[in-house]
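Me: I would like a close look at a single part of this model. Please take the interface between two of its chains and describe it in a connected way.

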Amino acid sequence: MARPYALLRSGFPYYLTMGQRRVTSNPVDIGFGEENVYVLTRGGLGSEVRVINWEDENLGLRGSGSFTWPAGLLVDEDENLYVSDEAKNTITVMSKDGDVLDTWGEPGSDHGQLDRPSALDFDAQGNIVVSDTINNRVQRFTRDGKHLQTIGGVQGSGEGEMNMPWGVAVDELGFVYVSDWRNDRVQKFTGEGEFVMSIGSSGSGKGEFNRPSSVDVDAHGDIYVSDWLNDRVQMFNADGRFIEQFIGDANLSKSGREYILANQVTLRLREMTDLEPTRRLSAPCRVRVDSEFRLFICDFGQHRIQVYKKEAYELSESQIAPPMRNPILFTT
Amino acid sequence: MAGNGSGKAPVFVVVQLTGGNDFMNTIIPYTSSVYHDNRPLVGIPQDQVIPIDDTLGFHPQMGAFKDLYDRGMVGIVQGIGYPNSNRSHFRGMDIWHTCEPHEVSTIGWLGRTLRELDPAGENPLTGVNFGVGLPRAMAMPGVPVTSVSNLDNYGLMTGIQSRERDQALDIFKQMYGPAIGAGPVMEYLSRTGQDVLSGADLIKVAPERYQSTVEYADNPIAKSLRDVARVHTADLGTRVFYTSHGGYDTHANEVPTHPKLIGDLSGAIYDFFADLEEHDADDNVVMLVFTEFGRRIYDNGSGTDHGSGGGAFVIGKTVAGGLYSEYPSLEPTRWVNGEDLEHTIDYRGIYGTILEQWLGVEAAPIVNGHYEQIHPFE
Amino acid sequence: MSDNHLALISHLMRRAGFGAGRDELEELSSKSYEDVVEDLLHPERQEDLQEDALKRYNLELSYHDAVQLWAGRWVWRMVNSRRPLEEKMALFWHHVFATAWYKSEHSPTIIRQIEMFREVGMSDLRTILTELARDPAMNYWLDNCENHADQPNENWGRELLELFSMGVGNYTEDDIKNAARAFTGWTFTQPIPLYPFGHYTSEFHYLPEDHDDSEKTFLGHTGNLNGEDIVDIVAHQEASYRFISRHLYNFFVADEPQVPAWNIEPPNDPDAIDALVQAFAENDGQLRPVLRTLFNSDFFRQARYRKVKNPAELVAGTIKLVGTYDWLPAPGQSVGALSGATSIMGQTLMNPPTVEGWHTGHEWIDGGTLNERVNFAVNQFNDLSSPGVRAIVERLARDGALSPDQLVERCLDLVGPLEVGDQTRSALSSYADSVGDVDLSTDQARTDNAGKVARMLQMIVASREYQFA
């Protein structure tokens, strides 16, 4: 599917809230199966994969007790689950029922070795791209762990250099995006690893980041970055121009509503307070966008998934004026 | 002293279920429509319950426990609690540990009990806790209690390997030699250091002496109760054992979690008494199983939240098994705060029962008053 | 003389901070003692810590919950901060204004209270007590949210006077009642309840309609007094200067009897307390001049190893020696292990047992806690590759080979310098004799013999003397 020439951006309304504390506790990544939704959680309330469905029902756990610092999750077309563990330097492959099918990865800094593998993404061929944090690079592997490619590998803040990358994404054209965590920027590379562009700098203004944790790209080429310690997600167009930000608009999830209805004191206390903060994101760890332009945000500190859905109309070249060099005040 | 007929000193084992055990899913009012209506998710279907009588039954995972019950060894204390239950784990547990519902105390009821059992603090093993850190129940200034996190590797310098550890302990012993003239604090440190060494020396014979044909399961509570059995059967003079089983805070995911816990607990207690019987060491042991609170009557779609009235068990060969006190009423007009079971007997009365009828210690000064007791030692 | 200077700086850093490694001590020793004190009193002269990597790997520190992890993060700050007195004063006020998590289980307000101590801990009594009176965690802990115009609750009013400022014997029951009435209407905003999502915080909230506006008399002052007026009066009482001075002495100088005995037993060193009281009085209740007086005094300089380390000092000081838990957490490492360690030694940070705080001095020690203290310290030296152990071996290697006596002396020096009694010294010598001369002259020799050095260090940190600061 080719990208449209341009878009009429109609809006990005809030779509859905999923999960609750003690079910989707401290989510760090999310993936989708036929009917199941898989949420990777990490922390004192459990480091494992929680399975829920679109009805927000709790369907159990996978991989409990197997992970120390699980960081990234991928779900393939057979619903096998790939989980990176940045303490063990491994990628574990499990069936949808949680049976371990394979574990690969070894610690080190040679090509193919890993030092804190964090985010994961599939490329168009179904290979796995891994953010290799302490080695300041991104590596590409086959699904069974054969090393294919290394991008980066030099610590620094120059073009193509990285400082503890966290998030990684591959778009449908094969470009690779890295949330270059300690440099407060996102870098874009060609599939061959050539530097293309950089987005952002340190700060809390528009287009600025405080330790970006993840990045994803939709089929229009729009780029989403979870701006971790600024408690928001920022959206950029394919050229890296800031478009808008998401600070959270959650309502009660279905499971959360059921929980509160069973608790009289909680019901009363909510009547005694200001509820505005309940909408907001808290330290979002992962943003993912699907083929239906639904934007999923792992709202780490609030133990839930916030979902927005893009409304945009695709435009052909004949429907929109050509690019302009100068801004104008006069419009008819 | 209350008699157990064996001539041996009575021994008391406490098992704390940490997090608030769901009593309604432990002893189940399986014929009650109120139970089934309010627990669409976590409720146990009637045909799976192991019946005790025509209204109550054990959770299906408690088959082993039912065996002990059928042998007349299990007293079920229904509706144990106290007025105005505190739904906080920590405060709730403190209230159970200190018998002080209205103020914060740092002295525990078993600490006071140990002072009565061993007034001069002669044996550092009179009270033994298995777990990390001392429970407040056993805390009392001047009462030495031994707290063991790993019985097979207990004491000082446990991070140092075998033969080298002996040398390290020897150096420690020299370093903590009498510090006459070095001031009271240094002298106190020396004495404490020597006590730690001798306590570890005493207790290390337990794993050395122990042999058993009983094979405990591989789970935390089975491991802890095996440790209790190993120390008890070594005859080291321990009168009070304490251990905990965690994970009962089942707000979410109660369906797979709670049956596993209650099944592990049931099997471990069964194996423990079988082990003691094999060592002819069961006739002077009584066990109390308690939790800080029960859980809410209705489930929240995933689990159950903190409630009040719960249940306890008094177990032992000398116990007259059966149901004690009353099951809290399920009648909605009797629910506390519109959502909780009421309590039907005060926990301090159960403590008093054990203290006076089993350990032979006056209860009132320990539990801070007089409370209705039960009579399970007839 | 220079050795003594370094030993004195080491003493200062143990008390005003959580100890210092040898490199840091040598660097500090190039300055005068008084200049080091001055730097400690001005934390803003040093950069604050970068916590991004800490939070990335202890992810739950990216928001306010998981109180044990936040307590661990505090110990991590004690270890790593370049502003050690800021952390030490926060710990001091936590000891005095003991507020526990267990009553509310509301983590954000407890965490926030410690941040507040860090921010205002070296300001002045009026500011500190005002912030404390407005603090939601304290307010709930001592029931001031139940202190209504038509139904006063005296808990906060009483403890403010008894435990937080003047001490028993300096006010009447009527003063308590009037203080309590002055704080009616001081409450906090209802936080959004925890479930089904995460924690939200709470702020100070004043309800004028719930304030008792009638006339009150407090310590001779009469009028429609409000909470600020009570704090203002209390913060300028000599009794408050004296009470806080005694706390400062007990915390920074030498162990005193516990607080309940203070109106019966005189201070160990009445002149020292008088000097601190005078510094308070001359500086309108400011802390910094009082701390300057304290650290520069002879009574402080002469008080080496006269205090039993509290668990936070023992844990943070030992970690500083071995150099672990730096800015980047090791794989799988949680700072929760640090607060877990202080906990089993009897000090659960952010969760003191009662409003009276912890019993200190030799009461930190019983059989169980001594066992934990010794094993914790010993275990930190198991890893020969830890930066601190390697640094000590490298330093000793400058001497080439060490005789048994040298091994004992040099290791005691590098751990403190630690002063030990005859029994400890002879026990350490018996270990040193058993290993003979230790050759560290070549890489191979260092590999072969580092374990012997580490074992000597383990025996030293297991000693009685190491229990003292």
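Reply: What follows describes the interface between chain C and chain B in this predicted model, and then turns to two elements within single chains.

At the interface, 36 residues of chain C are in contact with 36 residues of chain B. The two chains bury about 3,000 Å² between them, and 65% of that area comes from carbon and sulfur atoms. On the side of chain C, Y102(C), M459(C) and R464(C) provide 20% of the area buried against chain B, more than any other three residues. The count of salt bridges between chain C and chain B is 1. A salt bridge links E164(B) with R455(C), where the closest N and O atoms lie 2.7 Å apart.

Within chain C, helix α9 (residues 125–134) packs with helix α13 (residues 227–234) at an angle of about 145°, and their axes are 9 Å apart. The crossing of α9(C) and α13(C) is right-handed. From α9(C), the contact involves R126(C), L129(C), T130(C) and A133(C), while α13(C) contributes V231(C), D232(C) and V234(C). By class, the residues of this contact comprise 4 nonpolar, 1 polar and 2 charged.

Chain A holds an open sheet of 4 strands in the order β11-β12-β13-β14, with antiparallel pairing. Its edges are β11(A) (117–122) and β14(A) (147–152); each has a single partner strand, so one side of each is left without a neighbour in the sheet. From one strand to the next, the twist averages 20°. Strand β11(A) is joined by 4 bridges to the antiparallel strand β12(A) (residues 128–132), and D121(A) stands opposite V129(A) of β12(A).

Methods: Residues are numbered from 1 along each chain as its sequence is written. Chains are lettered from A and ligands numbered from 1 in the order in which they are written. This is a predicted model: local features need pLDDT of at least 70, side-chain atom pairs count only at pLDDT 80 or more; totals for chains, interfaces and linings use all residues. Side-chain values use heavy atoms; hydrogens and water are left out. Axes are lines fitted to C-alpha atoms, for helices over the stretch in contact, and angles run from 0 to 180 degrees between N-to-C directions. Helices (H or I, at least four residues) and strands (E, at least two) are DSSP runs, numbered from the N terminus. A crossing is left-handed if the near helix is turned anticlockwise from the far one by less than a right angle, and right-handed if clockwise. Contact means heavy atoms within 4.5 Å. Ala, Val, Leu, Ile, Met, Phe, Trp, Tyr, Cys and Pro count as nonpolar, Asp, Glu, Lys and Arg as charged, and the others, Gly among them, as polar. Two strands pair if DSSP finds at least two bridges between them. Buried area is the accessible area (1.4 Å probe) that two parts lose on being put together, summed over both. A salt bridge is a side-chain nitrogen of Lys or Arg within 4 Å of a carboxyl oxygen of Asp or Glu.
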